[in-house]
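Please walk me through this structure, going step by step from one part to the next and explaining how the parts fit together.

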Amino acid sequence: KIPDLAGWRAYAIEVPAGGKVKVHVVEGRKAWFRVLGVNAWGRDEPGLLQNRIPTGEPQASYQNPTKETRTIYFIVDTLDVNMVGEPFTVDVTRG
């Protein structure tokens with residue numbers, strides 16, 4: 001559920017060398033969510049794919065191009081301030 005007016009949650013996921021991960025909101029008012037992938041400094045980096053055009057499918061993915069394990073943070077955020085208490089489900093797929 002959305003905890004408060006800030007409306008966002010961050011999930012840290014370790015991605016092995018050459019690994020892939022996709023984070024996708026699959027249930028809830030999907031059109032009111034967005035998913036952003038960032039590194040530890042809150043920035044974009046090679047391998048991150050963002051869904052920047054609103055399509056109603058909030059998702060982001062990362063393919064690790066390095067030879068070391070990387071920690072990527074996926075931020076699930078709301079686009080509406082009146083969503084406190086709204087339930088949602090996130091699906092994490094590793095490849």
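**From one residue to the whole**

Setting aside the neighbours within four places in sequence, Val35 is in contact with Val23, Val25, Gln50, Pro58, Gln59, Ala60, Phe74, Ile75 and Val76. The model in which these contacts are found is a predicted one, and Val35 is a convenient place from which to begin reading it. Val35 is among the residues with the most contacts inside the largest nonpolar core, together with Phe33, Tyr62 and Phe74, and that core has 16 residues. Two or more residues are given to this core by each of the elements β1 (9-15), β2, β3 (33-38), β5 and β6. In soluble globular proteins, nonpolar side chains tend to be buried together.

One of the contacts of Val35 leads on to strand pairing, since Val35 stands opposite Val76 in β6. The strands β3 and β6 run antiparallel and are joined by six bridges. Strand β6 is joined to β1 as well, again in the antiparallel sense, and here the bridges number seven. Val76 appears in this pairing too, as the bridge partner of Arg9 in β6.

At residue 78, strand β6, which covers residues 70-78, contains Thr78. Is Thr78 buried or exposed? Thr78 counts as buried because its relative accessibility is 11%, and the limit for a buried residue is under 20%. Apart from its neighbours within four places in sequence, Thr78 is in contact with Ile2, Gly7, Trp32, Phe33 and Met83; Phe33, in turn, is one of the residues with the most contacts inside the largest nonpolar core.

Another group of strands forms an open sheet of four, in the order β4-β5-β2-β7, with antiparallel pairing. Its edge strands are β4 (48-50) and β7 (89-94), each of which pairs on one side only, and from one strand to the next the twist averages 15°. Within this sheet, β2 (residues 20-27) and β5 (residues 59-63) pair in the antiparallel sense over five bridges. Val23 stands opposite Ala60 in β5, while the bridge partner of Lys22 in β5 is Ser61. These two positions of β5 belong to opposite descriptions of its faces, as Ala60 lies with Tyr62 on the covered face, whereas Ser61 lies with Gln59 and Gln63 on the uncovered one. Strand β5 also pairs with β4, in the antiparallel sense and over three bridges, and in that pairing Leu48 stands opposite Tyr62 of β5.

Strand β2 also holds His24, which counts as buried because its relative accessibility is 15%. Leaving aside the neighbours within four places in sequence, the residues in contact with His24 are Glu57, Pro58, Gln59, Thr89, Val90 and Asp91. Pro58 and Gln59 are also among the contacts of Val35.

What remains is the space that the atoms leave open. Rolling a probe the size of a water molecule over the atoms shows where empty space is left. The largest pocket has a volume of about 240 Å³ and is lined by 16 residues, of which Phe33, Arg34, Asn51, Arg52 and Pro54 lie nearest its centre. Strand β3 supplies the largest share of this lining, with four residues. Phe33 therefore has a place in two parts of this account, since it is named both among the residues with the most contacts inside the largest nonpolar core, a set made up of buried residues, and among those nearest the centre of the largest pocket.

Methods
Residues numbered from 1 in each chain as written. Predicted model: local features only at pLDDT ≥ 70, side-chain atom pairs only at ≥ 80, totals over all residues. Heavy atoms only, no water. Pairing = 2+ DSSP bridges. Axes fitted to C-alpha atoms, helices over the stretch in contact; angles between N-to-C directions. Buried < 20%, exposed > 50% of the residue type's maximum accessible area, 1.4 Å probe, protein only. Contact = heavy atoms within 4.5 Å. Core = buried A, V, L, I, M, F, W, Y, C linked by side-chain atoms within 4.5 Å. 1 Å grid on protein atoms, 1.4 Å probe; cavity = no way out; pocket = protein on both sides within 12 Å on 5 of 7 lines; lining within 4 Å. Points joined across faces, edges and corners; volume = space filled by probe spheres on them.
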